[in-house]
Amino acid sequence: MAGPAPTAAEAPLPLVDLHIHYNAWVAASLTPEEAARRLREHGAIGGVVSSTPTPNALGLAARAPGGLLPFFRPYLTEGHRGSWQRDPAVLAEAEAALAAGRYRGIGEVHLSAANVGADAGNAILRGLLDIARRHRVTIQVHVDAPDLPVLEALLAVHPAVPVIWAHAGGWAEPSQVEALLVAHPNLWMEFSARDPFRYGGVAPLVDASGRLLPGWASLARRFQDRLMVGSDTGTVADWDRLGELYAFHRTWLAGLPRDVAEAIAFRNAARLLSLPLPPAAPRP
């Protein structure tokens, strides 16, 4: 005989995953239907998907939870990842994609002083920011701690464009993150890849029990309205451990007050991206 259904208090905390990839090398062994099933099975009620090549995001978004939004990634092919910032065709493709309403944002875009300049002055990047401004969408950027001046410069170009900072800066420390959040109201942040498998192995977010370290816990309370979570499913191995990645986030979120945990887990993303959450999901 089946046991009683879990109560609302016992059900896993719903998550909006701000960093999903469905790249070509993943699609070769994982169908979009299976990827969508895994997201639902592990409690994702929406999120952001970007891919290389970028149309893969559309295929997964069409089959995944109703709140999964495809973002336009300027890596038109895998080889383009190192040259997008020198190709004007990226701007034409981005403009057409956003104008047609096929994509709901731009990113993930990897930025460094080496590829776009310490002042974020690269013409293609500036063009992408302008497209985001005109179409009133969000841009998601990957800027690791050594290149923080790039992020600061980008945030100042179009202060009305919401910017999602991937991985909380990778190796960035709470004090570095705090300074940017204070100075730039258009900055939002997600904690993908800060798990023990990736950045967390060298730049921990949590202690041995899985709870936020004091600096991060303080940051989470102070900026609870601009923090979010994500998985960063860049490989088949990441998709295979999706449940572990979500469990990592749910563990540290459980150490926060429930309203703060819910804000970071799904409410902030729903507010930022106007996500059409399923009727059964908690409403923002």
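E34 comes out partly exposed, at a relative accessible area of 22% (the partly exposed class sits between buried, under 20% relative accessible area, and exposed, over 50%, using a 1.4 Å probe and protein chains only). The model is a predicted one, so local features need pLDDT of at least 70 and side-chain atom pairs count only at pLDDT 80 or more, while totals for chains, interfaces and linings use all residues. Residues are numbered from 1 along each chain as its sequence is written, and side-chain values use heavy atoms, with hydrogens and water left out.

The partner of E34 is R37: the two form a salt bridge, with the closest N and O atoms 2.7 Å apart (a salt bridge being a side-chain nitrogen of Lys or Arg within 4 Å of a carboxyl oxygen of Asp or Glu). Both residues belong to helix α2, three residues apart, or about one turn of the helix (helices are DSSP runs of H or I with at least four residues, strands are runs of E with at least two, and both are numbered from the N terminus). As a reminder, an α-helix has 3.6 residues a turn, so residues three or four places apart point the same way. R37 is also partly exposed, with 35% relative accessibility.

Next door in sequence, R38 makes a salt bridge with D240, the closest N and O atoms being 3.0 Å apart. This pair ties together distant parts of the chain, with D240 in helix α10 and R38 in helix α2, 202 residues apart. The two ends sit in contrasting surroundings: D240 is exposed at 54% relative accessible area, whereas R38 counts as buried at 16%. Put together, E34, R37, R38, E41 and D240 are linked in a network of salt bridges. The structure as a whole holds 15 salt bridges.

Helix α2 itself covers residues 32-41, and its buried residues are P32, A35, A36, R38 and L39. Looking down the axis of α2, these fall within an arc of 160°, so they line one face of the helix (the arc is taken from the directions from the helix axis to the C-beta atoms). That buried set packs against β1, β2, α3, β3, α10 and α11 (contact meaning heavy atoms within 4.5 Å). After α2 comes G43, with a positive phi near 90°.

A second intrahelical pair turns up in α6 (residues 123-135), where R133 and D130 are three residues apart, about one turn of the helix. Their side chains meet in a salt bridge at 2.6 Å, N to O. Here R133 is partly exposed at 39% relative accessibility, and D130 is partly exposed too, at 24%. On the buried side, α6 contributes I124, L125, G127, L128, L129, I131 and A132. Among the elements covering them are α4, β4, α5, β5 and α7. At the start of α6, a side-chain oxygen of N122 reaches to within 3.0 Å of the backbone nitrogen of I124. Just past the other end, R136 adopts a positive phi of about 55°.

As for β4 (residues 105-110), six of its six residues are buried, so the strand is largely enclosed by the rest of the structure. Strand β4 pairs with β5 (residues 138-142) in the parallel sense over five bridges (two strands pair if DSSP finds at least two bridges between them). Within that pairing, G107 has Q140 of β5 as its bridge partner.

Note on methods: Polar contact = N/O pair within 3.5 Å; in protein donor to acceptor, adjacent residues only side chain to side chain.
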